[in-house]
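Here are some notes to read alongside the coordinates. I went through the sheet, the helices around it, and the cores, roughly in that order.

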Amino acid sequence: MQFNEDAELDTSQIDDQRGGGGGVGGRVALGGGGLGIVGLVIYFLLSQFAGGSGFQLPSGSGFGDVGQNQQVDSAAIREKCKTGADANREDDCRAVAFINSIQAYWADQYARSGNTYKPAQTNFFQGGVNTGGCGSATSAAGPFYCPADAEVYIDLAFFQELKTTFGATGGPFVEAYVLAHEYGHHIQNLLGTSDRVKQGTGPQSDSVRLELQADCYAGAWANHATTVPTASGKPLITGVTDEDINAALDAAGRIGDDYIQKELGGGKVDTTQFSHGSSAQRQKWYRAGYDSGDPARCDTFGTNNLG
């Protein structure tokens with residue numbers, strides 16, 4: 001996939017806190033969609049095998065890393081990330097472009113139903129961060145959405161972690177899947193779906209249904225990715241391929257509860273501890289969203305067949 005080089009990027013949707021020495025230690029307050037794609041599972045694994053304190057995301061990932069004593073802020077990223085051409089060259093500008101496209105898609109979906117979409121900021125951080133409503137978190141939490149302040153948080157080095165630790169194929173559309181999943185949680189928060197989470201864990205639990213729905217929403221955006229226009233009227237993304245979708249599906253499979261428990265957690269699968277869904281379920285619901293392109297087909301709370 002590529003970005004339209006003439007399309008404009010909107011960096012006002014980003015708060016770049018990298019190099020700012022945000023919150024380290026502490027813990028994100030859990031809530032509906034509060035932790036992102038793998039956060040709950042990573043915290044579980046850390047508490048079991050690393051005491052919850054020794055995990056570090058890799059340095060030198062090539063994804064907009066911040067060196068020692070180097071400061072990065074929102075003014076700097078505004079200068080760096082202006083067009084799709086910048087997104088084709090720079091990894092963190094690519095993340096900006098995906099966020100712009102995802103939010104433009106949801107703004108259009110809301111407008112079609114006569115409503116107004118409320119955008120969410122995405123916070124880039126490195127190492128740790130203090131949120132506006134969910135406490136503090138380290139990078140070990142993975143990407144997450146905080147319902148209390150309605151913002152997304154991500155250490156961009158996580159994308160390298162998906163490849164090195166989880167064995168994912170990687171690639172730009174994997175990054176798009178992760179970000180679109182977190183914005184799926186934003187939609188759930190706006191719609192009040194997050195409030196339906198009562199049963200915390202288990203293969204049919206509300207937490208699993210919430211996560212699978214966010215995967216489905218991510219797939220629905222992917223279906224429309226090449227037609228979503230920016231403010232200038234030009235689509236940001238061109239040429240999404242089967243290879244791109246397969247890479248996203250591969251990542252979905254490698255962050256299923258069963259895969260993580262088996263491959264990273266000692267080999268035993270305990271379905272009673274499922275909080276995000278199995279690998280097959282995650283792939284099924286991402287595919288359901290992508291094949292239909294219709295968020296209405298993502299009602300994981302209204303079915304007894306999660307896969």
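1. Let's start with helix 4, residues 91-112, which lies across strand 2 and strand 3 (122-124). Relative to strand 3, helix 4 runs at about 170 degrees. Keep in mind throughout that this is a predicted model.

2. Helix 6 (residues 172-191) also sits across the sheet strands, covering strand 3, strand 6 and strand 7. Its direction makes an angle of about 20 degrees with strand 6.

3. Now the sheet underneath. It is open, has four strands in the order 2-3-7-6, and the pairing is mixed. Strand 2 (14-16) and strand 6 (144-146) are the edges, each pairing on one side only. On average, neighbouring strands here are turned by 25 degrees against each other, direction ignored.

4. Where does the mixed pairing come from? Strand 3 and strand 7 pair in the parallel sense over three bridges, while strand 6 and strand 7 (residues 151-154) are antiparallel, again over three bridges. Y153 is a handy landmark in strand 7: N123 stands opposite Y153, and F144 stands opposite Y153 too.

5. Have a look at the turn that links strand 6 and strand 7. The two strands form a hairpin with four residues between them. A150 in that turn has a positive phi, about 55 degrees.

6. Which residues have the most contacts inside the largest nonpolar core? They are F124, F173, W221 and Y286, in a core of 65 residues. Elements giving two or more residues to this core are helix 4, strand 7, helix 5 (158-164), helix 6, helix 7 (206-224), helix 8 and helix 10. Helix 4 gives the most, with 10 residues.

7. W221 is worth clicking on. Leaving aside neighbours within four places in sequence, W221 is in contact with F98, S101, I102, Y105, F173, A176, A180 and I237. There is also a second, separate core of eight residues, which includes F125, A137, A141 and F144.

8. On to the helix pairs, beginning with helix 7 and helix 10. Their axes come within 6 Å and cross at roughly 35 degrees, and the crossing is right-handed. On the helix 7 side the contact involves V208, E211, L212, D215, C216, A218, G219, A220, A222 and N223. Helix 10 answers with Q281, R282, W285, Y286, A288, G289, Y290, D291 and S292. By class, this contact has 10 nonpolar, five polar and four charged residues.

9. Helix 10 (residues 279-292) also packs with helix 8 (residues 242-254), where the axes come within 7 Å and cross at roughly 145 degrees. Helix 8 passes helix 10 in a right-handed crossing. I245, N246, A248, L249, A252 and G253 of helix 8 meet S279, R282, Q283, Y286, R287 and Y290 of helix 10. The residues of this contact divide into six nonpolar, four polar and two charged.

10. One last pointer for your own viewing: try Y286. This residue of helix 10 meets helix 7 and also takes part in the contact with helix 8. Y286 is listed, too, among the residues with the most contacts inside the 65-residue core.

Key
Residues are numbered from 1 along each chain as its sequence is written. This is a predicted model: local features need pLDDT of at least 70, side-chain atom pairs count only at pLDDT 80 or more; totals for chains, interfaces and linings use all residues. Side-chain values use heavy atoms; hydrogens and water are left out. Two strands pair if DSSP finds at least two bridges between them. Axes are lines fitted to C-alpha atoms, for helices over the stretch in contact, and angles run from 0 to 180 degrees between N-to-C directions. Contact means heavy atoms within 4.5 Å. A crossing is left-handed if the near helix is turned anticlockwise from the far one by less than a right angle, and right-handed if clockwise. Ala, Val, Leu, Ile, Met, Phe, Trp, Tyr, Cys and Pro count as nonpolar, Asp, Glu, Lys and Arg as charged, and the others, Gly among them, as polar. A nonpolar core is a set of buried Ala, Val, Leu, Ile, Met, Phe, Trp, Tyr and Cys residues joined through side-chain atoms within 4.5 Å. Buried means under 20% relative accessible area, exposed over 50%, partly exposed in between (1.4 Å probe, protein chains only).
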